[in-house]
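Here are my notes from a pass through this one, in numbered points. Have the coordinates open as you read.

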Amino acid sequence: MKHLTLAGLAYVALVVQASVVPAMASGALEPRFLWLAALGAVLLFDGAAGLVWAAVLGLLSDCLCPGPLGIDLTLAALSAALVQRLIPSESRRSFVVVAATVGVGLMVLASGSFAARLWLAGTPVDPAHVLTISFGTALSTLACGTALWLASRVIAQLARELTGRHPAAMNRN
Amino acid sequence: MMPRPILPATILLSLLGLGFTLLPQDWSDALRRTVLDASRPGQRIARGVVSRAAELPLLSLHAVPAANRPEEVEVELRELQERYRHLQIECALVREQMQGIAAAPPVASRRSSEALIVSELVHAEILGEQTAAQWRAGRFLDAGSASGLRESALVLRDERPLIDRGADADLSPEQPVIAGLCVVGRTANVGRWTSTLQLITDPEYRGWAQIVKNTERGPVFAAEGILAGEGRPLCRLLRIRATEAVSVGDDVYTSGREGLRSQPMYYGRIVRAELQAGAAEWSLQVEPALDPTQLRTVQILRLEMNPARLSVGEGLATDAHR
């Protein structure tokens, strides 16, 4: 069930990244929903499953970026391995840990991806420039991720309340 | 709880990533296309949702324009495919040249007495608009219809340009009309004294044509097609297969199928050449060499039997009687 849910979210992230994001934002500050999904998969799944999901979402991100494929795939797999190695699964339930992991993970993915693409394209890599762009991207992605998380919490709360009312209404009748 | 071993998976996925980096461009493009195609249904839904949301009065969202990125990728892909086709065609042309296909244009017309059909040029003048209008009104034929002097009704009703030669000069319909070495059109309706002219830009004009490419080794005959008028300043060159080498600037001459003089006549130059993705033929536009409004005199190419062959035939018939 979790895998199916993640597959659906991955498709939504792909669609949003391919269509809505370019229309609303341009350049380096585009939020990267596929990276967000990849980090989410790592936090959700333990072991190789998390790595494979991260790699698949990284490959989808590669397909939407110029340059050769495989860059985001490799970075996502390595980031996933690091997260799994450094953060025990019990700690991954904490909001602070999740936020920090996602934030750092996004920075690593953004910096690595931008730098690798610039280098493979033969363009000189300015670390300060790369870090600035990476920071902006990570921030915008984190902001969108937070907004989505809050929205999901609100929707879940509303759903619980609606579900809670029906049995009560039936009892009164 | 012991963490599951992830090192083998990490190494494998890293190697896979490296493998993807080294993929040939074609394969990468194919994978990108597949992913974008798979996302298209979702994109349509997303666009619909966003545009509906923009219409809501409570939201201050402006209508989100259609996603640029997938379309940009498609445009770039089409351009790359077109460029690939051009290169492919150029390679085929070079291969053909290396196989020793004829590289020289036909030399001067065959004036051998052995030719059965020979051509003769009949010079004519194009009547100016005012003169043509007066002619059509019958003002030049003062005697009127009572004297039997009457121009063909077909010619008089035809709105096309008039030339001052007709049946009196042994003209007939569908004869090529040229100006120097350039094709002007054909005779349409031939009257007693005048004929109408179907220009190559006439919507009903069709003629066999051949592309001539200017190469370093000289002009090279390329694909054959049909030149078609469209009632506009430019003509279209039809039936040129997508696999043929065509470029803007190529010249268009009459083809041997027209049965004209052995020296091909010039139609014009290709000014627009487009090859849509998946199309079987080129979309070509040709700019005629001559501006018909500037023409004053033309020549009508009249084909007739070689008198030399005629006299030989008569001689043989006389000998047979003996």
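1. A word on terms before the fold: helices here are DSSP runs of H or I with at least four residues, strands are runs of E with at least two, and both are numbered from the N terminus. Keep in mind too that this is a predicted model. On that footing, chain A comes out with six helices and zero strands, and its pattern along the sequence reads α-α-α-α-α-α.

2. Staying with chain A, how much of it is buried? Of its 173 residues, 44% are buried. Looking at contacts in chain A with a separation of 6 or more, 64% are between residues 24 or more positions apart.

3. Now for a salt bridge in chain A that I'd look at early on. The side chains of A:Arg117 and A:Asp72 meet at 3.2 Å, N to O. This pair links distant parts of the chain, with A:Arg117 sitting in helix H5 (residues 95-120) of chain A and A:Asp72 in helix H4 (residues 71-86), 45 residues apart. Are the two partners buried or exposed? Both A:Arg117 and A:Asp72 are buried. A:Asp62 belongs to the picture as well: together with A:Asp72 and A:Arg117 it makes up a network of salt bridges.

4. Chain A also has charges sitting over rings. A:Arg32 lies over the face of A:Trp35, 4.7 Å from the ring centre. A:Lys2 does likewise over the face of A:Phe45, at 5.6 Å from the ring centre.

5. On to where the chains meet. 30 residues of chain B are in contact with 35 residues of chain A. The area buried between them is about 2,600 Å², and carbon and sulfur atoms give 71% of that. How many salt bridges cross this interface? The rule finds zero between chain B and chain A. There are, however, six residue pairs in polar contact across the interface, with both residues at pLDDT 80 or more.

6. Which parts of chain B face chain A? Helix H1 (7-21), helix H2 (25-55) and helix H3 (69-98) of chain B each supply at least two residues of the side that touches chain A. The largest share, 13 residues, comes from H2(B).

7. Aromatic pairs next. A search of the whole structure turns up four of them over all chains. One of these is B:Tyr205 with B:Tyr267, an edge-to-face pair at 6.3 Å centre to centre, with 75° between the planes. B:Tyr205 lies in the loop between strand E5 (195-199) and strand E6 (206-215) of chain B, while B:Tyr267 is in strand E10 (residues 266-274), so the pair ties together parts that are 62 residues apart in sequence. Both B:Tyr205 and B:Tyr267 are buried.

8. A second pair, B:Tyr253 and B:Tyr266, is a bit different to describe: the ring centres are 5.0 Å apart and the planes make an angle of 55°, so the pair counts as tilted. B:Tyr253 is in strand E9 (residues 251-254) of chain B and B:Tyr266 in strand E10, so this pair ties together parts that are 13 residues apart in sequence. Why is B:Tyr253 called partly exposed? Because its relative accessibility is 24%, and the cut-off for buried is under 20%. B:Tyr266, with a relative accessible area of 16%, is buried.

9. Strands E9 and E10 of chain B come up again in a salt bridge. B:Arg269 pairs with B:Asp251, the closest N and O atoms being 3.0 Å apart. Here too the pair links distant parts of the chain, with B:Arg269 in strand E10 and B:Asp251 in strand E9, 18 residues apart. B:Arg269 is partly exposed, with a relative accessible area of 41%, whereas B:Asp251 is buried at 7% relative accessibility.

10. Last one: B:Glu230 and B:Arg236 of chain B, whose side chains meet in a salt bridge at 2.9 Å, N to O. B:Glu230 is partly exposed at 24% relative accessibility, and B:Arg236 is partly exposed at 21%. As for the overall tally, the structure holds eleven salt bridges over all chains.

Note on methods. Residues are numbered from 1 along each chain as its sequence is written. Chains are lettered from A and ligands numbered from 1 in the order in which they are written. This is a predicted model: local features need pLDDT of at least 70, side-chain atom pairs count only at pLDDT 80 or more; totals for chains, interfaces and linings use all residues. Side-chain values use heavy atoms; hydrogens and water are left out. Rings of Phe, Tyr and Trp (its six-membered ring) pair if their centres lie within 6.5 Å; planes under 30 degrees apart count as stacked, over 60 as edge-to-face and the rest as tilted. Buried means under 20% relative accessible area, exposed over 50%, partly exposed in between (1.4 Å probe, protein chains only). A charge sits over a ring if NZ of Lys or CZ of Arg is within 6 Å of the ring centre and within 35 degrees of the ring normal. Contact means heavy atoms within 4.5 Å. Buried area is the accessible area (1.4 Å probe) that two parts lose on being put together, summed over both. A salt bridge is a side-chain nitrogen of Lys or Arg within 4 Å of a carboxyl oxygen of Asp or Glu. A polar contact is a pair of N or O atoms within 3.5 Å; within protein, one must be able to donate a hydrogen and the other to accept it, and residues adjacent in sequence count only if both atoms are side-chain atoms.
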